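I opened the notebook to record what I looked up in this structure. The entries follow the order in which I checked things.

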Amino acid sequence: MSGKEHKWVVQHSSKRQDWGTPPVLFDALNAEFNFALDVCANISNAKCGTFIAPHQDALTQEDGAWFSIASTGIDKSENFWSCPSVWMNPPYGHGMNQWLLRAWKEAQHGCVVVCLVFACTDTIWWDECVWDLADEVRFIRGRVRFVDPETNKLAASAPKGSAVVIYRPGRRLRSMPTVNR
């Protein structure tokens, strides 16, 4: 393993990719957005009644699939937006750019996508997928304590700060960012 790869692994390593969103954080955002779909969940950590499980692979579904799923059965009178809202707490690590680019693409199909990610403002994926594409970024004070998937209790604080990144319909670019560097 090269020095660069080792440094990345040490800072971002986890034996699990299914850490749950803390209820207090999700509940506050859900009160604002009224989420119809959780795109990165499993039966034990899903935050919405409708979710896309790992075996369904949210990244490989056809463009617009998240919007279609989130729009099904949604009570428009209960939604604060004129479009469905999607929650995304993606697996952290390599590939974050793919998740955020997909969130932006799905927003272009008509949904609001709200994402919980590490606040890695010095990375290429942050530059291209957050600064260039996001409609709003909310930095979280302190470090998030994610829910341990084995005990279903709050674990120790995350190794770095987090942010909520929001993509809304209508944000257009002149060209697509490069995501495989």
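**Entry 1: the sheet.** I began with one pair of residues: Leu37 stands opposite Val86 in E2. The model I am reading is a predicted one. I then looked at how E1 and E2 are joined, and found two bridges, with the strands running parallel. Next I asked in what order the five strands form the sheet. The order is E1-E2-E3-E5-E4, in an open sheet with mixed pairing. I noted that strand E1 (37–38) and strand E4 (136–139) stand at the edges. Each has a single partner strand, so one side of each is left without a neighbour in the sheet.

**Entry 2: helices on the sheet.** I looked up which strands H2 lies across, and found E2, E3, E4 and E5. H2 runs at about 160° to E3. I did the same for H5, which lies across E3, E4 and E5 and runs at about 40° to E5. Which residues of H5 are buried? I wrote down Trp125, Trp126, Glu128, Cys129 and Val130. What covers the buried residues of H5 includes H4, E3, E4 and E5.

**Entry 3: the core.** I asked how many residues the largest nonpolar core has. The count is 49. The residues with the most contacts inside this core are Val39, Trp66, Met88, Leu100, Val114, Cys115 and Tyr167. I also listed elements that each supply at least two residues of the core. Among them are the helices H2 (23–33), H3 (65–71), H4 (96–108) and H5 (124–131). The strands E2 (85–88), E3 (112–118) and E5 (162–167) are on that list too.

**Entry 4: cysteines.** I searched for disulfides and found zero. Cys40 is in no disulfide, and the nearest cysteine sulfur, that of Cys115, is 8.3 Å away. A disulfide here needs the two sulfur atoms within 2.5 Å, so a pair beyond that cut-off is not counted. For background, I reminded myself that a disulfide is a covalent bond between the sulfur atoms of two cysteines. I then checked whether Cys40 is buried or exposed. At 15% relative accessibility, Cys40 counts as buried, because the cut-off for buried is under 20%. Cys120 is also buried, with a relative accessible area of 4%.

**Entry 5: salt bridges.** I asked how many salt bridges there are, and the count comes to four. The side chains of Arg138 and Glu32 meet in one of them, at 2.7 Å from N to O. Arg138 lies in strand E4 and Glu32 in helix H2, so this pair ties together parts that are 106 residues apart in sequence. Arg138 is partly exposed at 24% relative accessibility, and Glu32 is partly exposed at 29%.

I turned to Arg168 and Glu136, whose side chains meet in a salt bridge at 3.2 Å, N to O. This pair links distant parts of the chain: Arg168 is in the segment after E5 and Glu136 is in strand E4, 32 residues apart. Arg168 counts as buried at 18%, whereas Glu136 is partly exposed at 24%. I noted that Glu32, Glu136, Arg138 and Arg168 are linked in a network of salt bridges.

Glu106 forms a salt bridge with Arg102, with the closest N and O atoms 2.9 Å apart. Both residues lie in helix H4, four residues apart, which is about one turn of the helix. Are they buried or exposed? Glu106 is buried at 0% relative accessibility, and Arg102 is buried at 5%.

**Entry 6: two aspartates in loops.** I looked up where Asp135 lies, and found it in the loop between H5 and E4. Asp135 is partly exposed, with a relative accessible area of 32%. I checked Asp135 against Arg168: they are 33 residues apart in sequence and 6.3 Å apart in space, C-alpha to C-alpha.

Asp148 is in the loop between E4 and E5. Asp148 is buried, with a relative accessible area of 17%. What is Asp148 in contact with, leaving aside its neighbours within four places in sequence? I wrote down Trp19, Lys153 and Ala155.

Methods:
Residues are numbered from 1 along each chain as its sequence is written. This is a predicted model: local features need pLDDT of at least 70, side-chain atom pairs count only at pLDDT 80 or more; totals for chains, interfaces and linings use all residues. Side-chain values use heavy atoms; hydrogens and water are left out. A nonpolar core is a set of buried Ala, Val, Leu, Ile, Met, Phe, Trp, Tyr and Cys residues joined through side-chain atoms within 4.5 Å. Buried means under 20% relative accessible area, exposed over 50%, partly exposed in between (1.4 Å probe, protein chains only). Two strands pair if DSSP finds at least two bridges between them. Contact means heavy atoms within 4.5 Å. Axes are lines fitted to C-alpha atoms, for helices over the stretch in contact, and angles run from 0 to 180 degrees between N-to-C directions.
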